[in-house]
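Reader: I'd like a close look at one part of this model: the long helix at its core, and then whatever sits around it. Could you walk me through that in one go?

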Amino acid sequence: MAAAGTDSTSGYDRTKGIKEFDQSKYGVKGLIDSGIESIPRIFVQPPETLATLKPCQSQTNATDIPVIDLQNINSEPHRPKIVEQIKKAANEWGFFQVINHGIPGTVLEETIQAVKSFHEQPAETKAKYYSREEMKGMLYASNNDIYRSKAATWHDYLQVWTAPEEQRAKVEDIPEIVRKESVEWDVCAKKVAEDVMELLCEGIGLEPSKFKDLSLSGSRMFVGVYYPYCPQPDLTLGLTSHTDPGVITVLLQNQLPGLQVKHGEDWVDVKPLPGALTINIADLMQIISNGEYNSVQHRVRANSCKEPRISVVEFLNIGKWQDCEYGPLPELVSAEKPPRYRRFTKDDFFHNFFSKGLDTKSFIDKLKL
Ligand SMILES: O=C(O)CCC(=O)C(=O)O
Ligand SMILES: [Fe+2]
């Protein structure tokens, strides 16, 4: 059955509900501002997801995701230790937090504040930017997979392409309220991502610049997500469980909980640390590293606090596809370690991305040998 459709047993027309919500352009924030006390049905998750939202199912915090200190990254006694820590975290968790990453606290705060300010403008101001054209340089919307997913989730987002040149938003087209901050954040997040990519290269015996040379940080998107208060946080999610499609993701969040990572059978909370950034391995990194690094499922619980949860997500992806194929790097493949994934092209990647909801099978599963 299609994800969006009519439920023949109850006469509930899900497609109509989605269209009404989408065409209002008010987003989830608009629903809350209108004073609703229960969530519209399009947001109610299917039973198999609801079962994982029960407190006993989602609070296994015996272990926390690794925290890695990047101070002294360039000094000899420290670097090999940091490489080992990153390698282990990227293999076992696919997720880690970094501290002392070099971005000043004031920049972190200003970036979060600018995203918050964008979303807290009057609905009519934001409606001008509302769009479903995902390749547009800049847009605002709620739930990028709303017409493809089983259920909508409790967040709105602002999306700005920052690279490559032919794809990125023109600076003057970025709303002024977040213009300077998104441009500056892109520079900062790219630097941290490239530092981490060097460490990841070293961890598996590649030249430190290998990933950068392959243009793995050459396509970038800045996404400012707003998770307003949700009156029924046990019936929906803030963001559906998914893996990130690109190469690597750098995440900045305000100090509200919600992000969870799948570790074995458990959902583990990522506890926000002041000043830290969260980094996660995405699908193409898993494929290119031939499974040395893992792209792991994560999700965001619906926000039960009155204050909004804000996250700033920088997605990094392949910048120069030209006509080439990508796949497990030859350096990482041997008789003992045969390739675990098929090679892919840009068309394979985008076709997969646009043909499914966040919640369905990842690109990795499709390419598995
Ligand atoms: O908001 C978050 O903390 C996570 C966002 C995320 O996973 C994503 O946008 O892919
Ligand atoms: Fe994600």
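Author: Here is a walk from the core helix outwards to the loops, the hairpin and the ligand.

This is a predicted model, so local features are reported at pLDDT of at least 70 and side-chain atom pairs at pLDDT 80 or more, while totals for chains, interfaces and linings use all residues. Residues are numbered from 1 along each chain as its sequence is written, with chains lettered from A and ligands numbered from 1 in the order in which they are written.

Let's start inside. The largest nonpolar core holds 93 residues, and those with the most contacts within it are Val192, Val196, Leu200 and Ile248. Helix H7, residues 176–203, gives the most to this core, with eleven residues. A nonpolar core here is a set of buried Ala, Val, Leu, Ile, Met, Phe, Trp, Tyr and Cys residues joined through C-beta atoms within 7 Å. Buried means that 20 or more other C-beta atoms lie within 10 Å of a residue's own, exposed means 12 or fewer, and partly exposed is in between, with C-beta atoms placed from the backbone. Helices (H or I, at least four residues) and strands (E, at least two) are DSSP runs, numbered from the N terminus. In soluble globular proteins, nonpolar side chains tend to be buried together.

Take Val196: leaving aside neighbours within four places in sequence, Val196 is in contact with Ile86, Ile248 and Ile279. Contact means that the two C-beta atoms, placed from the backbone, lie within 7 Å.

How far apart are the end C-alpha atoms of H7? They are 41 Å apart, which agrees with the 40 Å that its 28 residues should span at 1.5 Å a residue. That expected span is 1.5 Å times one less than the number of residues.

Now the two ends of H7. In the loop between strand S6 (156–163) and H7 you'll find Pro164, and the peptide bond joining Ala163 to Pro164 is cis, with omega about 0°. After H7 comes Gly205, with a positive phi near 75°. Most residues other than glycine have a negative phi, and most peptide bonds are trans.

Two non-glycine residues also have a positive phi. Asn72 has a phi near 65° and lies in the loop between strand S3 and helix H4 (79–92). Asn72 is partly exposed, because 13 other C-beta atoms lie within 10 Å. Ser215, with a phi of about 65°, is in the loop between helix H8 (210–213) and strand S7. Ser215 counts as partly exposed too, because it has 17 C-beta neighbours inside 10 Å.

Back at S3 (residues 67–69), this strand pairs with S4 in the parallel sense over three bridges, where pairing requires that DSSP finds at least two bridges between the strands. Asp69 stands opposite Ile99 in S4. S4, residues 95–99, is mostly covered, with four of its five residues buried.

Some links run far along the chain. Val270, in the loop between strand S11 and strand S12 (277–281), is 175 residues from Phe95 in sequence, yet their C-alpha atoms are 9.2 Å apart. Val270 is buried, because it has 22 C-beta neighbours inside 10 Å. Beyond four places in sequence, its contacts are Ile65, Leu259, Gln260, Val261 and Thr278. Ser289 sits in the loop between helix H9 (283–288) and strand S13, and counts as buried because of its 25 C-beta neighbours inside 10 Å. Leaving aside neighbours within four places, Ser289 is in contact with Ile204 and Leu332.

Next, the hairpin. Strands S10 (259–263) and S11 (266–269) pair in the antiparallel sense over four bridges, with His263 opposite Asp266. Two residues lie between these strands, and Gly264 in the turn has a positive phi of about 65°.

Finally, the ligand. Around ligand 1 are Val223, Val225, Leu239, Asp244, Leu251, Gln253, Leu259, His298, Val300, Ser311 and Val313, each with its C-beta atom, placed from the backbone, within 6 Å of the ligand. Strands S7 (219–227), S9 (248–253), S13 (298–301) and S14 (309–317) each supply at least two residues of this shell. The shell divides into seven nonpolar, three polar and one charged residue. For that split, Ala, Val, Leu, Ile, Met, Phe, Trp, Tyr, Cys and Pro count as nonpolar, Asp, Glu, Lys and Arg as charged, and the others, Gly among them, as polar.
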